[in-house]
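Here is a short report on one protein model. It takes up the cysteines, a sheet and the nonpolar cores in turn.

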Amino acid sequence: MGEPFSQGMRLSARAVQAQQQRMSQQQIMSLNVLALASVDLRDEIYAQAAKNPALEIVRDSLAAGAKTARERQSQFSDNTRYGAATAAGELASDTFQAALESCADERETLREHLERQFNSVRHTDAETVVGLRLIRNLDSRGFHLLAPVSLLDKDNPAHTAALLQSCMETIRALDPIGTCTSGVEESLLVQAAVRGDAPPAALFILDGHLDVLNPPQAARVAKKIESLVRDNAALSFGGGTQPDAPSFSESEVAEAIAYIRTLDPYPARNFGMDQAQFIAPDVFVEKIPPAEADEANGIVAADGCSFRVTLARDAVPRLAVSKAFAAFSAQTEKPQDERQKAERRFVQDSVREANVFIESVQFREATIAKAVAEIVRRQARFFCEGPRFLVPLRQKDVAESLGVHEATISRMANGKFLQCEWGLFAIGYFFTNAVGGAEQTAQADGDGAAHSKAAVKYEIAQLLRAHKDDKKPLSDQKIADALAAKGIAVARRTVAKYRAELHINSSYER
């Protein structure tokens, strides 16, 4: 038997009343649709239409373009197809091309391919961390983005130069051979070294002497190698020909050239792209004369400028409820038997689900339009004068203006893009914090606007571009001083951080 309750313990029951907010199925659907990018929304629309017979795709500009391109082909008696270069034909061709380019690259990416091989072998914790960092630091060609040594953790004693070299050699030997290198020349040398069957002349050429192959004629290459060896010997201590200096005949050079032609300068070319994807704007912002300003027609006026905000509706298929299903659902005649009752329930459920989905898509469009209009209103100087004038803006600020939750604005910005005269931007680009924390939030330029991170990075890029031909490049401290003269107070470390994010080397390396 268990221990008896102590005399100080008593059981009691009490009623508690609390409010709980539960979202309806339609609200959940609306938020899920709002978070989808245009490409994902197209897939979801076609999936819903295939599942629900009451949901019809009335019009799809991309699909219609492809269909029109096929239908406009004409045939004559000689079975030769001719096409007319009309405006409608050119539009159909452009639309069809856009449909082709919007198809995702479903091939395995280089990163996935290398990570799968790397993870199939047991490694130490340090090797795993450094190896995965190296793989994720490769561009689409398999070459380093950042210097490999920068990937080591300075506070971890296990992260040594020997560990880095070991991890690079491991990755270089994975399929495809020759990735995790600095460029084409090193990739070719690694491929030759891993294969182990390279002629000595090929190894000599690939080891920093690839320029002798221009042009790749054996006789001329042999003379260039001979001249190169002679010049190097003259520069060495004591002068004269060194006993171990390489010497290759014309036939050996020809063999080396033939071997080098079997190597692949871009071994990652057959893999899918991680970053290169077709991006279509979800909304357009166009600057218009103030005389055309009309709030009722999607026009936003602020800071003396007027803008027209237009949704890219052609990217999303137009939907409607099937007329046959709607008419059957609206019948007032009572079903006669169980089969008819089941048919009526199925039709009514299908129509209701179709309406919910259509309303969710409409909610997505309305939310994007209102949120972008508010962004344009608050970032008017950016759209008037350019990226330098991007001001700090939080998602919370836009949410409060529209009377919605901050999470709704976050879903709205997810995977959406805006096209304006300054280029194509992710909508999330316009949400940026003030530089320097709370005390810097109030720091303003001459017009009273706080400095955003994007604006400061733009100023740094402009300064470096203006002084790129100077004999002594600007240091991070000099950049900080120049920014301070413009009323932008940032620390030298902040300048170094932003410069690195712009992929610009330090003054010692420029």
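Cys305 and Cys384 form a disulfide, with 2.0 Å between their sulfur atoms. Cys305 sits in strand S6, while Cys384 sits in helix H14 (residues 380-385), so the bond ties together parts that are 79 residues apart in sequence. The model is a predicted one. The count of disulfides comes to 1.

Two further cysteines deserve a look. What keeps Cys167 from bonding to Cys180? The closest cysteine sulfur to that of Cys167 is in Cys180, 8.9 Å away, which is too far for a bond. A disulfide needs sulfur atoms within 2.5 Å. Seen from the other side, the closest cysteine sulfur to that of Cys180 is in Cys167, again at 8.9 Å and too far for a bond.

The table gives the burial of these four residues.

| Residue | Relative accessible area | Class |
|---|---|---|
| Cys305 | 13% | buried |
| Cys384 | 11% | buried |
| Cys167 | 3% | buried |
| Cys180 | 0% | buried |

Each value falls in the buried class because that class means under 20% relative accessible area.

**The sheet**

Strand S6, home of Cys305, belongs to an open sheet. The sheet has 5 strands in the order S5-S6-S4-S8-S9, and the pairing is mixed. Which strands stand at the edges? They are S5 (299-302) and S9; each has a single partner strand, so one side of each is left without a neighbour in the sheet. From one strand to the next, the twist averages 25 degrees.

S4 (residues 283-288) and S6 pair in the antiparallel sense, over 6 bridges. Val285 has Val309, in S6, as its bridge partner. Helix H13 (residues 338-378) packs on the sheet and touches S4, S5, S6 and S8. The direction of H13 makes about 160 degrees with that of S6.

Phe307 also lies in S6, which spans residues 305-311. Is Phe307 buried or exposed? Phe307 is buried, with a relative accessible area of 1%. The C-alpha atom of Phe307 is 5.3 Å from that of Glu286, although the two residues are 21 apart along the chain.

Further along the chain, strands S8 (residues 417-420) and S9 (residues 423-426) run antiparallel and are joined by 4 bridges. S8 and S9 form a hairpin, with 2 residues between them. Cys420 has Gly423, in S9, as its bridge partner.

**The nonpolar cores**

How many residues are in the largest nonpolar core? The answer is 33. Those with the most contacts inside this core are Val285, Val372, Phe383, Leu418 and Ile427. Elements that give two or more residues to the core are S4, S5, S6, H13, H14, helix H15 (395-402), helix H16 (406-413) and S8. H13 supplies the largest share, 6 residues.

Apart from this core lies another one, of 22 residues. Ala201, Phe248, Val253 and Ala256 are among them.

Phe383 has contacts beyond its neighbours within four places in sequence. Among them are Val285, Phe307, Ile375, Val376 and Leu418. Phe383 is also in contact with Cys420, Glu421, Trp422 and Phe430.

Several threads meet here. Val285 and Phe307 both touch Phe383. Phe307 lies in S6, and Val285 has its bridge partner in S6. The disulfide residue Cys305 lies in S6 too.

How values were computed
Residues numbered from 1 in each chain as written. Predicted model: local features only at pLDDT ≥ 70, side-chain atom pairs only at ≥ 80, totals over all residues. Heavy atoms only, no water. Pairing = 2+ DSSP bridges. Buried < 20%, exposed > 50% of the residue type's maximum accessible area, 1.4 Å probe, protein only. Axes fitted to C-alpha atoms, helices over the stretch in contact; angles between N-to-C directions. Contact = heavy atoms within 4.5 Å. Core = buried A, V, L, I, M, F, W, Y, C linked by side-chain atoms within 4.5 Å.
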